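Student: Please take a close look at the charged side-chain pairs in this protein. Which residues pair up, and where do they sit?

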Amino acid sequence: MRKILFSILVLLSALPMAAGDVVSDSVPSGRKKVAVVLSGGGAFGAIHVGALRVIEQAGLPVDMLVGTSMGSIVGALYSVGYDSNEIAAMFRTMDWAELFLDRDDYRRLTLSERESQDTYLYKRDFYVHGGIDPQPGGVIRGNQIQNTFSRFLQGYTDSLNFQTDLPRRFACVATDLVTDTAVVLTQGSIVESIRASMSIPGVFTPVRIGDMVLVDGGAKNNFAADVARQLGADIVIGVVFDLGLGTDKEYRTLMDVLERSAGGDISRRARANEKYCDVLIKVPVRGYSSGSFTRGAINTLIERGEKAAAEKLDSLKLLKLRAGAQPDKDYSLHLRRIADLPDESKTHTELVDLREDKVLQAAVGLRFDNEDIAAAILHGRYFRAGRVNKQVDLTLRLGLRSMLRVGADLEPWRNKKFGLSYALWYKYSDLYTHGKRTNNLSTIYQHANLKLLSFDAPNFDLELGAGWEHYHIFNRLWNERSAVTVPDNTHYLNYHLRIRFNNENRRYFTTLGTRAEAAVGYYTDNFARWKGHSGFTAVTALWQTTIALSGSTHLRPGLEGRFVFGDDVPVFAGNFAGGNRHGKFFPQQLPLMGVWHVERFDNKFVSASLRLQQRIREQHYLLLDGVVAEHNEEMRNLFDRRPIWGIGLSYFYDSGYVGPLGATFSWCNHTHQLNFLISLGYDF
């Protein structure tokens, strides 16, 4: 899926035309100026890394890099002092799916923003009241690209002259939509320039510099060897991908046809510029596409680039002599190392409010599984900045569990909010007893929440508030095995305090961090008492951490419990458990591996869990889960019963964009049933 997505994105940029005007620079004193030209091509840009490794081995001085699209990224990194090994490490470890999508750095988001990012497939901002569209002409803003390369290129992110202010001269090619010409960028922001050079038309938002509206340079000059000559290069080494020729049996899929047709145009333009090269390194890429960003594909493409360049090693050594370079001098630069960059997880960054005034945001999410079948979630948010920030949001969930929620917040200080929300749920659910269905309920659930104080920041949030909950059962069936009596109507008022800490690096397939939660709620029917006596209290606690056994193997131990104290506790305020996530059918529902339905348990419930997470082949994961749980009505008798235990084995593919895709087999001694769940997409 991701391969197809990236291939389509890159192919959209593959429309050739001609180069624009540039200004040349002076020749280095004492020898000839050597330029390396790197073509565009999406994942094919990995070939440049292998080729640069051989150029380093040949001892050639590289005075200038000229790149288009992905070639501009490699060229920019090389120009500031990274060597081929450092760039290869970046390519192999980069999460390209995250890079090409508008997903923000997880560790810099507040906890509520993390939950939002892990729910919606796509978000779009609109300015209202005559404001300027913040995302004109593109589906993806490219924020993650700019953030990532701002880190790698730190120290060179100010406005610069790329011909004089970098360790090696640099230029990249973009296309100006206003004049319909190629633009050679040799000054300004290097991050903004490479972002423009790889801005696929219609996919990424164009980059606006002055009066120019810039998109991918591949639309005009995907292999800019002519630009290197115009900038004053005496010797030009070109690196370009070669799709080769196929047979009639190879072009049977949409991607085969699109890539071949677009690639043919790119190849014709590239061949026209081959005459400017003293040495041309053509790297065969058959068997891969411009969207082949898997680690295995990246490794192979790097190796192919190195092999193709090695076949030209003798010619490269002769160029060193022609350039007038000293035979025994090492001209390679290794001025920067990834290891020397500050560790983002340990770097304190002051939280800056980047929200624009008068912004309307729309978002959509989708999910499929063999229990709910299909679900969709739609979200709209209006934000207005001022001395007191104001926000109104509306959320609609469609499916077997449908929901409408509206909320309003006032934010007099950054991250400190007061607000009011109301949610209306329709829930169709079954209650089970020891794995046997005993109750079938159709429920209208209402929840109003008043935030008296809310503090929401990266890694930590706190909410102090009051709420009202109401359950109305309008359709119910039960049998003789039912362990609960369900009233037609139940409502209660509560005061609550919730504290959460979470410094995990991601929600799914976590490899670093800890999360902990604690909450206490006091429930009444008249703001003071419950049924003529003291109200009842619910205390919830959770802790989970991640232990790295190796780079691909992690353990995730956890503890969780919910304890309800008091008399006459209503059914819907008691403990429910089941499924693989919190709050599926009831807000207080706890997960219990091996029980995919929901069951009512005693008012004191505690569980211990352990997950073994094994990454295999990049985005593929095997998960082995185990859980042990105890429950009772009295704390002192909590461990008197036989423990409930469950196990689960899961396979998941981390698609990055649409969420986890996978399947789980599980079993529990409480139900003595083997369960199977297919899950596609984010949970919500």
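Tutor: A salt bridge here is a side-chain nitrogen of Lys or Arg within 4 Å of a carboxyl oxygen of Asp or Glu. By this rule the count comes to 25 salt bridges. The background is simple: side chains of opposite charge can pair when their charged atoms come close.

A word on the model. It is predicted, so local features need pLDDT of at least 70 and side-chain atom pairs count only at pLDDT 80 or more, while totals for chains, interfaces and linings use all residues. Residues are numbered from 1 along each chain as its sequence is written, and side-chain values use heavy atoms, with hydrogens and water left out.

Now the setting. The protein has 12 helices and 32 strands (DSSP runs numbered from the N terminus: H or I of at least four residues for helices, E of at least two for strands). Of its 684 residues, 53% are buried. Buried means under 20% relative accessible area, exposed over 50%, and partly exposed in between, with a 1.4 Å probe and protein chains only. Among contacts (heavy atoms within 4.5 Å) with a separation of 6 or more, 65% are between residues 24 or more positions apart.

Start with R141 and D125. Their side chains meet in a salt bridge, with 3.1 Å from N to O. R141 lies in the loop between β3 (122-127) and α7 (143-152), and D125 lies in strand β3, so the pair ties together parts that are 16 residues apart in sequence. The acid is the buried partner: D125 has 15% relative accessibility. R141, at 23%, counts as partly exposed.

Next, D654 and R506. The closest N and O atoms of this salt bridge are 2.3 Å apart. D654 sits in strand β30 (residues 644-654), and R506 sits in the loop between β19 (489-502) and β20 (514-524), so this bridge ties together parts 148 residues apart in sequence. D654 is buried, at 10% relative accessibility. R506 is partly exposed, at 23%.

Then D602 and R641. They form a salt bridge whose closest N and O atoms are 2.7 Å apart. Both lie in loops: D602 between β27 (598-601) and β28 (604-616), R641 between β29 (620-632) and β30. The pair links distant parts of the chain, 39 residues apart. D602 counts as buried, with 14% relative accessibility. R641 has a relative accessible area of 39%, so it is partly exposed.

Some charged residues form a group. E115, D461, R498 and R500 are linked in a network of salt bridges.

One more charged pair deserves a look, this time listed as a polar contact. That term means a pair of N or O atoms within 3.5 Å; within protein, one must be able to donate a hydrogen and the other to accept it, and residues adjacent in sequence count only if both atoms are side-chain atoms. The side chains of D180 and K220 are joined by such a contact of 2.9 Å. D180 is in the loop between β5 (169-176) and β6 (181-185). It is partly exposed, with a relative accessible area of 49%. In sequence, D180 and K220 are 40 residues apart; in space, their C-alpha atoms are 8.7 Å apart.

For an uncharged counterpart, take T438. It is placed in strand β17 (residues 436-457). At 3% relative accessibility, T438 is buried. Its side chain makes a polar contact of 3.3 Å with that of T433. Leaving out residues up to four places away in sequence, T438 touches L431, Y432, T433, L477, W478, N479, R481 and S482.

Charged residues also turn up in a covered helix. Helix α2 (residues 46-57) has 11 of its 12 residues buried. R53 and E56 are among them, along with residues including H48, V49, L52 and I55. After α2 comes G59, with a positive phi near 75°.

To recap the buried acids: D125 is at 15%, D654 at 10% and D602 at 14%. Their arginine partners are partly exposed: R141 at 23%, R506 at 23% and R641 at 39%.
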